[in-house]
Amino acid sequence: MIRFLPLALALAIGASGSACSVDNEHQSSGLPPGVERVLPKDAIPAIFEPEFVSADKASLPPDAEVIGVVIKGEAKAYSINLLDGHEIVNDESAGVKFAVTW
């Protein structure tokens with residue numbers, strides 16, 4: 001049985017309702033002050049055009065964990081094992097663009 005993990009979407013907004021800002025020194029890297037980059041930029045490639053197979057043809061073990069997304073009745077599953085190596089999938093379903101992250 002494939003176990004689905006909940007998908008949560010979040011938007012961080014400052015207390016005043018405005019977007020948070022960073023100082024100029026860290027603005028170009030996108031990292032908060034005091035945080036060092038561990039991997040070089042773009043070291044973990046995102047997936048931009050995912051390919052899908054039907055559930056009966058997927059080569060996943062019965063206890064595989066996936067992130068499931070259902071939009072307007074169209075269901076998709078994203079393997080946690082695959083996301084371990086990519087961390088983000090940019091996709092579209094029923095005309096809605098979204099990102100799945102791990």
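So, Lys72: it sits in the loop between β2 and β3. This is a predicted model, by the way, so take everything I say as coming from a prediction. Lys72 has a phi near 50°, a positive value in a residue other than glycine. And is Lys72 buried or exposed? Lys72 is exposed, with a relative accessible area of 70%.

Now look at what sits on either side of that loop. β2 and β3 make a hairpin with two residues between them, and Lys72 is in the turn. The two strands, β2 at 65-71 and β3 at 74-79, pair in the antiparallel sense over six bridges. If you want one pair to find on screen, Gly68 stands opposite Ala77 in β3.

Okay, let me zoom out for a second. What does the protein have overall? Two helices and five strands. Going along the sequence, you read β-α-β-β-α-β-β, and the hairpin I just showed you is made of β2 and β3. There are 102 residues in the protein, and buried residues make up 19% of them. The accessible surface comes to about 7900 Å², and 56% of that belongs to carbon and sulfur atoms. As for contacts, take those between residues at least 6 apart in sequence: 47% of them join residues at least 24 apart.

Back to β3, then, and to charges. How many salt bridges does the structure hold? One. It's Lys76 with Asp91, and the closest N and O atoms are 3.1 Å apart. That pair links distant parts of the chain, with Lys76 in strand β3 and Asp91 in strand β4, 15 residues apart. Are those two buried or exposed? Both Lys76 and Asp91 are buried. So in this model we have an exposed lysine in the turn, Lys72, and a buried lysine in the strand after it, Lys76.

Stay on β4, which runs over residues 88-93, and go to Ser93 in that strand. Ser93 has a relative accessible area of 1%, so it counts as buried, the cut-off being under 20%. What does the Ser93 side chain pair up with? The side chain of Glu74, through a polar contact of 3.2 Å. Leaving out residues up to four places away in sequence, Ser93 touches Ile71, Glu74, Lys76 and Phe98. You'll recognise Lys76 there as the salt bridge residue.

Next, the other end of β3. Ser79 lies in that strand, and with 14% relative accessibility Ser79 counts as buried. Its side chain reaches the backbone nitrogen of Asn81 at 3.2 Å. Again not counting residues up to four places away, Ser79 touches Leu60, Glu65 and Val66.

And Asn81 itself? Asn81 belongs to helix α2, residues 80-86. Unlike buried Ser79, Asn81 is exposed, at 58% relative accessible area. The C-alpha atoms of Asn81 and Val66 are separated by 8.2 Å, and those two residues are 15 apart along the chain. Val66 is also one of the residues that Ser79 touches.

If you follow the chain out of α2, you get to Glu87, in the loop between α2 and β4. Glu87 is another one with a positive phi, near 70°, in a residue other than glycine. At 37% relative accessibility, Glu87 counts as partly exposed. The Lys72 value, remember, was near 50°.

Last stop is the surface. Which residues form the nonpolar patch? Val38, Leu39 and Ile44, with about 290 Å² of accessible area together. Val38 lies in the loop between α1, residues 24-27, and β2. Why do we call Val38 exposed? Because its relative accessible area is 79%, and the cut-off for exposed is over 50%.

To put the pieces together: there's a hairpin of β2 and β3 with Lys72 in the turn, and a salt bridge from Lys76 to Asp91 that links β3 to β4. Ser93 and Glu74 are joined by their side chains, while Ser79 reaches the backbone of Asn81. And out on the surface there's that nonpolar patch, with Val38 in it. That's my tour, thanks.

Conventions: Residues numbered from 1 in each chain as written. Predicted model: local features only at pLDDT ≥ 70, side-chain atom pairs only at ≥ 80, totals over all residues. Heavy atoms only, no water. Helix = DSSP H or I, 4+ residues; strand = E, 2+ residues; numbered from the N terminus. Buried < 20%, exposed > 50% of the residue type's maximum accessible area, 1.4 Å probe, protein only. Polar contact = N/O pair within 3.5 Å; in protein donor to acceptor, adjacent residues only side chain to side chain. Contact = heavy atoms within 4.5 Å. Patch = residues over 30% accessible without salt bridge, like charges linked within 9 Å, V, L, I, M, F, W, Y side chains within 5 Å. Areas by Shrake-Rupley, 256 points an atom, 1.4 Å probe, with all protein chains shown as cover. Salt bridge = Lys/Arg side-chain N within 4 Å of Asp/Glu carboxyl O. Pairing = 2+ DSSP bridges.
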